[in-house]
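Colleague: I am new to this structure and should be grateful for a close look at a single part of it. Please begin there and then proceed outward in a connected account.

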Amino acid sequence: MDNITIKEGFPGQQIVAVPKRLKKWLTKDVVCNPFYFGDLGYYPNAHYHQRERKQGSDEHIFIYCVSGSGWIRVDDILHEIHPGMYFVLPKHTPHSYGANKKKPWSIYWLHFNGVTADSLIAIHKDRANIPCDVGYQKQFIDLFELLLGLTENNFSEAHLRYACILTYKFISDFIFFESAKEMVSERGSNLRNDIVDFLIENIDKPLGADEIAKKFNYSRSHLFNYFKKETGHSLMYYFNMKKIQKACEYLSYTDLSIKEISLKTGFQDQLYFSRVFKKYIGLSPRAYRNK
């Protein structure tokens with residue numbers, strides 16, 4: 001049985017408790033079932049807030065501290081929680097947590113479940129059971145406030161499905177926070193992006209492998225191995241893919257002849273262009289345009 005210590009609630013608190021009947025619907029709905037929300041809320045300045053679950057919970061638990069401080073104990077390890085930190089407790093994990101007695105935390109908290117939720121937490125074990133620091137993120141709080149509004153005021157099917165999708169995004173934004181930061185920092189100065197930009201800028205040219213390697217002052221093997229590792233595609237496959245994607249645009253939105261499109265995408269031989277197009281798209285250029 002859970003042990004909980006709260007004195008008379010917290011002024012300004014918001015709580016959405018999901019009724020049993022509604023939770024049953026969430027588990028059966030084809031949209032909601034993979035990733036759905038449970039109880040959720042906001043506890044400001046949560047004096048005396050403390051919980052212990054010796055058997056864990058039947059749902060995953062998420063807590064985000066925005067002010068004050070607190071603590072979490074898992075596997076007999078005590079972690080301090082400070083503003084900007086969040087933690088995820090996988091379901092069935094024995095734990096306890098609570099607010100600091102002198103500077104109690106203010107927290108957003110959320111229970112969630114579903115087969116996709118299980119997989120997400122299992123894959124990202126490094127984000128579970130320990131505090132992770134993302135700092136104060138207003139966009140995350142705004143998203144949570146939207147989620148609160150959806151779940152406390154309207155139980156229509158459309159609102160519930162949208163709330164489940166937002167729950168998935170909300171949790172994912174935290175789990176993938178570091179990866180997203182890395183992607184942003186790489187923009188404009190990453191060799192992979194420089195290569196991609198160069199290919200797109202020269203999509204109308206019949207560039208060969210040696211010409212591309214020379215442009216970046218690398219050996220052909222080094223550049224190609226690097227690009228394959230970064231993108232999962234060989235460089236020339238990727239280049240041809242971007243050419244064919246551009247050809248699809250021309251076929252869909254212009255009256256250019258197939259020969260003209262072939263030349264504008266760097267293929268001097270129209271028959272070769274048609275063979276490559278069919279290899280990538282599964283249709284000939286003419287059939288694609290007619291379709």
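How many of the eight residues of strand 3 are buried?

Modeller: Seven of the eight residues of strand 3 are buried, and the strand is thus mostly covered. The model discussed here is a predicted one. Strand 3 comprises residues 36–43, and its surroundings are best described through the sheet to which it belongs.

That sheet is open and consists of six strands in the order 2-3-10-5-8-11, with antiparallel pairing. Strand 2 (14–16) and strand 11 (132–133) stand at its edges; each has a single partner strand, so one side of each is left without a neighbour in the sheet. Strand 3, by contrast, stands between strand 2 and strand 10 in the order given.

Both neighbours of strand 3 can be described in terms of bridges. Towards the edge, three bridges join strand 3 to strand 2, and the two run antiparallel. On the other side, six bridges join strand 3 to strand 10 (residues 106–113), again in an antiparallel arrangement. Tyr42 illustrates both pairings: Tyr42 is the bridge partner of Gln14, and in strand 10 its bridge partner is Tyr108.

Strand 10 also contains His111. The relative accessible area of His111 is 11%, and a residue counts as buried under 20%, so His111 is buried. Leaving aside neighbours within four places in sequence, His111 is in contact with Tyr36, Phe37, Gly38, Asp39, Arg53, Glu59, His60 and Ile61. Among the contacts of His111, that with Glu59 includes a polar contact between the two side chains, at 3.3 Å.

From strand 10 one may turn to the helix that lies over this region. Helix 2 (residues 115–123) lies across strand 5 (60–67), strand 8 (85–89) and strand 10, and runs at about 115° to strand 10. Its buried residues are Ala117, Leu120 and Ile121. Seen down the axis of helix 2, these residues fall within an arc of 95°, so they line one face of the helix. This agrees with a general rule: an α-helix has 3.6 residues a turn, so residues three or four places apart point the same way. The buried residues of helix 2 pack against strand 5, strand 8 and strand 10, and also against helix 4 (157–175). On the other side of helix 2, Val115 and Ile123 are exposed.

Another pair of strands may be set beside the sheet. Strand 6 (residues 70–74) contains Arg73. Strand 6 and strand 7 form a hairpin with two residues between them, and Asp75 in the turn has a positive phi of about 55°. Five bridges join strand 6 to strand 7 (residues 77–81), and the two strands run antiparallel. Within this pairing, the bridge partner of Arg73 in strand 7 is Leu78. Leu78 also appears among the contacts of Arg73, together with Pro94, His95 and Ser96, when neighbours within four places in sequence are left aside. Arg73 counts as partly exposed, at 36% relative accessibility. Arg73 and Leu223 are 150 residues apart along the chain, and their C-alpha atoms are separated by 48 Å.

Leu223 leads to a later part of the chain. There, UniProt places the feature "domain: HTH araC/xylS-type" at residues 193–291, in an unreviewed entry. Over residues 193–291 the model has 73% helix and 0% strand, and the end C-alpha atoms are 33 Å apart.

One residue of this later part merits closer attention. Ser234 is found in the loop between helix 8 (220–231) and helix 9 (235–253). Its relative accessible area is 34%, and Ser234 is partly exposed. The side chain of Ser234 reaches the backbone nitrogen of Tyr237 at 3.2 Å. Not counting residues up to four places away in sequence, Ser234 touches Phe227 and Lys228. Ser234 and Phe224 are ten residues apart in sequence, and their C-alpha atoms are 6.6 Å apart in space.

To return to the part with which the request began: strand 3 has seven of its eight residues buried, and six bridges join strand 3 to strand 10.

Notes:
Residues are numbered from 1 along each chain as its sequence is written. This is a predicted model: local features need pLDDT of at least 70, side-chain atom pairs count only at pLDDT 80 or more; totals for chains, interfaces and linings use all residues. Side-chain values use heavy atoms; hydrogens and water are left out. Two strands pair if DSSP finds at least two bridges between them. Helices (H or I, at least four residues) and strands (E, at least two) are DSSP runs, numbered from the N terminus. Contact means heavy atoms within 4.5 Å. Axes are lines fitted to C-alpha atoms, for helices over the stretch in contact, and angles run from 0 to 180 degrees between N-to-C directions. Buried means under 20% relative accessible area, exposed over 50%, partly exposed in between (1.4 Å probe, protein chains only). The arc is that of the directions from the helix axis to the C-beta atoms. UniProt positions are given in the numbering used here, feature names are shortened, and annotations may be inferred rather than shown by experiment. A polar contact is a pair of N or O atoms within 3.5 Å; within protein, one must be able to donate a hydrogen and the other to accept it, and residues adjacent in sequence count only if both atoms are side-chain atoms.
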